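Here's a quick briefing on the model below, meant to be skimmed with the coordinates open. Surface first, then empty space, salt bridges and backbone.

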Amino acid sequence: MKKINLSKVIPFGVLMLIACVALFVPSLPEFNGKGQYVPADMTWLLIATALVFLMTPGLAFFYGGMVHRKNVLSTMIKSFVAAGIVSVLWITVGYSLAFGDSIGGVIGNPFTHIFFKGVNSGQPWSLAPTIPLLLFALFQLMFAIITPSLVVGAVAERTRFSSYVLFIVLFSLFVYAPIAHWTWNPEGFLFKMGILDFAGGTVVHISAGCAALAGAIVLKRRKVHIEHKEIPPANIPYVLIGTGLLWFGWFGFNAGSAMAANHLAVSAFATTNTSAAAAGLAWMFFDLLRGKKPSVLGFCIGAVVGLVAITPASGYVAIPQSIFIGVVAAVISNIAIYYKSKSPLDDTLDVFPCHGIGGIVGMILTGIFATKTVNAGGNDGLFYGNPTFFFTQLKGLGIVVAYSFASSYAIFKFINWIMPMRVSEEDEELGLDATQHDEKYFQGTLLVKQNGILHIEENTIEL
């Protein structure tokens, strides 16, 4: 009798269960705005939602271009599959956990909007009164999708696909949803504390960065990392494409967080572009100071770090200060990567130094440069004579870093306990594209068996 592999049966079984339960969820009338919605705001948020979704394939190209070519597809699919998993999870219970009726300011009631109950009823979100609640929920979905996708880069080239699917589920439920509730729900305790995070410095980048650090520690080092082998990027043009898509999509990420087509969206749009530009240049020029040549990868990584750092500040700081934020974040992350490279930490694509530290720098500088002149609903920072708000940002930052790292570490340990997260040494040598997905990105390789061991050899063509 053939043995049943539960790791193959459970995912499909859970999805079928959700699909069957969904059949019995009563349909509600479509929303009726009764004149309260603004068509221009709805149009802009629909566009912004699509732009944020575009960041997920952008991230896939960004990461996929930097890994070894035998792991390109396995890295890219881990970003794409998050769109499927988190979309279903968000509708069933994720949105309720993040934005449902608050339970002690810690988590939302999972039954408030289970299966999007009441989301299409016509009542807008309290902080976005000019757009339907359904549109707000879909916009927030895109943030929930990309956050676990960011963690992929830290554990690339050694993680089982099935294990990472489970990580996406657990991370979304136990890390992302609570932090989103604390920070963005008006009843969340960080929101009440006065923390300002315009578009996801804590909720997205710090949580993902700390999860990346936890994952790199739990999964330990790749063989090539132990042997100090240099891994050539698979496709640098992919990295350029990914950077362009991320930069483009980030306008929806930050400017869309204004929740309206207004002056604040325009300001956030401007600070986003300015910080990215300044950071890309800062990374490249700082490399020149260190005796390196200006590189494509350097500018691309720097630009993304600038986008990360400006994310929490984009709707609270003025445009000139966004130059400073981009430059400082790029230099700090560059230095962090240098010291990380000297350590035993195997964060494959430097997710923690870029997204974790970039988000931390952004939150701290928000506490310094935020001004009510830009956003009357925000606060004045340390630079404008308000140290109280600055220390509030530091307090909230410490809470999110501690929680996201500890929870993610526990999640990785739990998954590793019930099903090994790492592939075998042989699979790691052959590459995850072939061993996890039975597909290849690069067709010019041969698997050759010598002395009972499979080796990878390159095909060469002589002209």
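Valine 296 is partly exposed, at a relative accessible area of 38%; buried here means under 20% relative accessible area, exposed means over 50%, and partly exposed is in between, with a 1.4 Å probe and protein chains only. This is a predicted model, where local features need pLDDT of at least 70 and side-chain atom pairs count only at pLDDT 80 or more, while totals for chains, interfaces and linings use all residues. Residues are numbered from 1 along each chain as its sequence is written, and side-chain values use heavy atoms, with hydrogens and water left out.

**Surface patch**

- Valine 296 sits in helix 11; helices (H or I, at least four residues) and strands (E, at least two) are DSSP runs, numbered from the N terminus.
- Together with Ile236 and Leu240, Val296 makes up a nonpolar surface patch with about 220 Å² of accessible area.
- Patch members have over 30% relative accessible area and no salt bridge, with like charges joined within 9 Å and nonpolar side chains (Val, Leu, Ile, Met, Phe, Trp, Tyr) within 5 Å.
- The areas come from the Shrake-Rupley method with a 1.4 Å probe, and for residues only the protein chains shown count as cover.

**Pocket and cavities**

- The ground rules: on a 1 Å grid over the protein atoms alone, a cavity is a set of points where a 1.4 Å probe fits but cannot get out, a pocket is an open set with protein on both sides within 12 Å along at least five of seven lines, and lining residues have an atom within 4 Å of a point.
- Grid points are joined across faces, edges and corners, and a volume is the space filled by probe spheres set on the points.
- The largest pocket holds about 1200 Å³ of space. Its lining runs to 41 residues, and Ile337, Lys340, Ser341, Thr348 and Asp350 are the closest to its centre.
- Six helices each give that pocket at least two lining residues: helix 2 (39-64), helix 8 (223-226), helix 10 (263-289), helix 11 (296-310), helix 12 (319-341) and helix 13 (351-369).
- By type, the pocket lining splits into 18 nonpolar, nine polar and 14 charged residues; Ala, Val, Leu, Ile, Met, Phe, Trp, Tyr, Cys and Pro count as nonpolar, Asp, Glu, Lys and Arg as charged, and the others, Gly among them, as polar.
- As for closed spaces, there are two cavities of 30 Å³ or more, and the second largest has a volume of about 50 Å³.
- Around that second largest cavity you'll find Val86, Leu89, Trp90, Gly94, Ala144, Ser172, Leu173, Tyr176 and Ala177. Helix 3 (72-99) and helix 5 (161-184) are the elements that give two or more residues to this lining.
- No charged residue lines the second largest cavity; the split is seven nonpolar and two polar.

**Salt bridges**

- The whole structure has nine salt bridges, each being a side-chain nitrogen of Lys or Arg within 4 Å of a carboxyl oxygen of Asp or Glu.
- Lysine 340 and aspartate 350 pair up at 2.6 Å, N to O. This pair links distant parts of the chain, ten residues apart, with lysine 340 in helix 12 and aspartate 350 in the loop between helix 12 and helix 13.
- Both ends of that bridge are covered: lysine 340 counts as buried at 13% relative accessibility, and aspartate 350 counts as buried at 14%.
- Arginine 290 meets aspartate 287 at 3.6 Å, N to O. Arginine 290 is partly exposed at 35%, whereas aspartate 287 is buried at 6%.
- Glutamate 428 and arginine 422 bring their closest N and O atoms to 2.6 Å; glutamate 428 is buried at 10% and arginine 422 is partly exposed at 22%.
- Glu157, Arg158, Arg222 and Asp346 are joined into one network by salt bridges that share partners.

**Backbone and loops**

- Most residues other than glycine have a negative phi.
- Phenylalanine 115 has a positive phi, near 55 degrees, and lies in the loop between strand 2 (107-108) and helix 4 (133-151).
- Lysine 220 also has a positive phi, near 65 degrees. Lysine 220 is in the loop between helix 7 (201-219) and helix 8 and is exposed, at 51%.
- Glutamate 230, in the loop between helix 8 and helix 9 (236-255), is exposed at 77%.
- The C-alpha atoms of glutamate 230 and tryptophan 184 are 42 Å apart, with their positions 46 residues apart along the chain.
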